[in-house]
Each structure stands twice: as structure tokens, then as C-alpha cells.
Amino acid sequence: RIHTLQLASFMNLPELSVIYLSDNRLTTIKRGTFMGVFKLRTLHLKNNQFICDCEILWLHSFVVERDLPDAVCHKPFHLRKSLFVHLEAIDICGGPEFYARPIPT
């Protein structure tokens, strides 16, 4: 099972239109992972262990804009089993855990 993806993992595959990443152990996908995949229409993300926090906010937007319905949060607990498409950005990056973090000095 896949745990991580490298940035620009699919860069030399500009014609790729479908990517199956379901049933892995992904907790996040970094911005830029799909850089250069211009024809991507379908991205299967079901059954991963996504940590829905500010780092994954770009993926949330990516999924919602394309109406890709199968990405689900695994953590934090209050978002567990929530579909990305049913969440707003504030649910992911503006919840109580976000505001409870210490401010860097």
C-alpha cells in the first residue's frame, strides 16, 4: 500500500485522465503532486487515512471543484468519515483545533 506520493509524481504523464489511489494509506497529498496532469478527470481516493487539516485544504478544493465524491477524512475525530465534498474550508482549517494551536513567535 502507498503511504506517500512524491511531488510531481505524475509530471511526465500529461495525458493521464484517471488515477486510482483508493485503498492505500495516504494521510495527505502535497500540493503539486498532480502538476502537469492536464487532462485529469477522475481521481479515486476512497479508503485512505486522510488527516483533514490546513495542509490538505488544496486537495479539498481540488476534489470539490471536480465533484469527486469518494475522499473521506480519517482524522481529526470530529471529521472522521466526513466526505470532502460535504465539508467547507472552515470545517477543515478553521475548527477549534486550529484556533487552539499556539501562535508561533
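Two residues are said to touch, or to be in contact, when heavy atoms of one lie within 4.5 Å of heavy atoms of the other. With that in mind, Ser-22 of this predicted model is a convenient place to begin. Ser-22 sits in the loop between S1 and S2, and, if residues up to four places away in sequence are left aside, Ser-22 touches His-44, Leu-45, Lys-46, Asn-48 and Asp-70. One of these neighbours, Lys-46, has its backbone nitrogen 3.1 Å from a polar atom of the Ser-22 side chain.

From this starting point we can step back to the whole chain. The chain contains three helices and four strands, and, read from the N terminus, these elements follow the order β-β-β-α-β-α-α. Of the 105 residues in the chain, 36% are buried, while the accessible surface comes to about 6,800 Å², with 57% of that surface belonging to carbon and sulfur atoms. If we consider the contacts between residues at least 6 apart in sequence, 51% of them join residues at least 24 apart.

How confident is the predictor in each part of the chain? The mean pLDDT of the chain is 87, and 90% of the residues reach 70 or more. Among the elements, strand S3, made of residues 50-51, has the highest mean pLDDT, at 96, whereas helix H3, made of residues 96-100, has the lowest, at 51.

The interior comes next. The largest nonpolar core has 25 residues, and those that touch the most other members are Leu-21, Ile-29, Phe-34, Leu-43, Leu-45, Leu-59 and Phe-84. Helix H1, residues 57-65, gives this core its largest share, namely four residues. Within H1, the buried residues are Trp-58, Leu-59, His-60, Phe-62 and Val-63, and the buried residues of this helix pack against S2, S3 and helix H2 (89-93). In reading such a list, it helps to recall that an α-helix has 3.6 residues a turn, so residues three or four places apart point the same way. Leu-59 shows the packing in detail, since beyond the residues up to four places away in sequence Leu-59 touches Ile-29, Leu-43, Leu-45, Phe-50 and Phe-84. Just after H1, Asp-67 takes a positive phi of about 55°.

Aromatic rings offer another way to follow the fold. A search of the whole structure finds five aromatic pairs. In one of them, the rings of Phe-10 and Phe-34 have their centres 5.6 Å apart and their planes at 15°, and the pair counts as stacked because this angle is under the limit of 30 degrees. Phe-10 lies in the segment before S1 and Phe-34 in the loop between S1 and S2, so that the pair links distant parts of the chain, 24 residues apart. Both partners are buried, because a residue counts as buried under 20% relative accessible area, and Phe-10 has a relative accessibility of 14%, whereas Phe-34 has 8%. Ring pairs also link Phe-10 and Phe-34 with Trp-58 and Phe-62 into a cluster.

Is Phe-38, found in the loop between strand S1 (18-20) and strand S2 (42-44), buried or exposed? Phe-38 is exposed, because its relative accessible area of 70% is over the 50% that the term requires. The C-alpha atom of Phe-38 is separated by 9.6 Å from that of Met-11, a residue 27 places away along the chain.

Technical notes. Residues numbered from 1 in each chain as written. Predicted model: local features only at pLDDT ≥ 70, side-chain atom pairs only at ≥ 80, totals over all residues. Heavy atoms only, no water. Buried < 20%, exposed > 50% of the residue type's maximum accessible area, 1.4 Å probe, protein only. Helix = DSSP H or I, 4+ residues; strand = E, 2+ residues; numbered from the N terminus. Areas by Shrake-Rupley, 256 points an atom, 1.4 Å probe, with all protein chains shown as cover. Core = buried A, V, L, I, M, F, W, Y, C linked by side-chain atoms within 4.5 Å. Polar contact = N/O pair within 3.5 Å; in protein donor to acceptor, adjacent residues only side chain to side chain. pLDDT = per-residue confidence, 0-100. Phe/Tyr/Trp six-rings, centres within 6.5 Å; stacked < 30°, edge-to-face > 60°.
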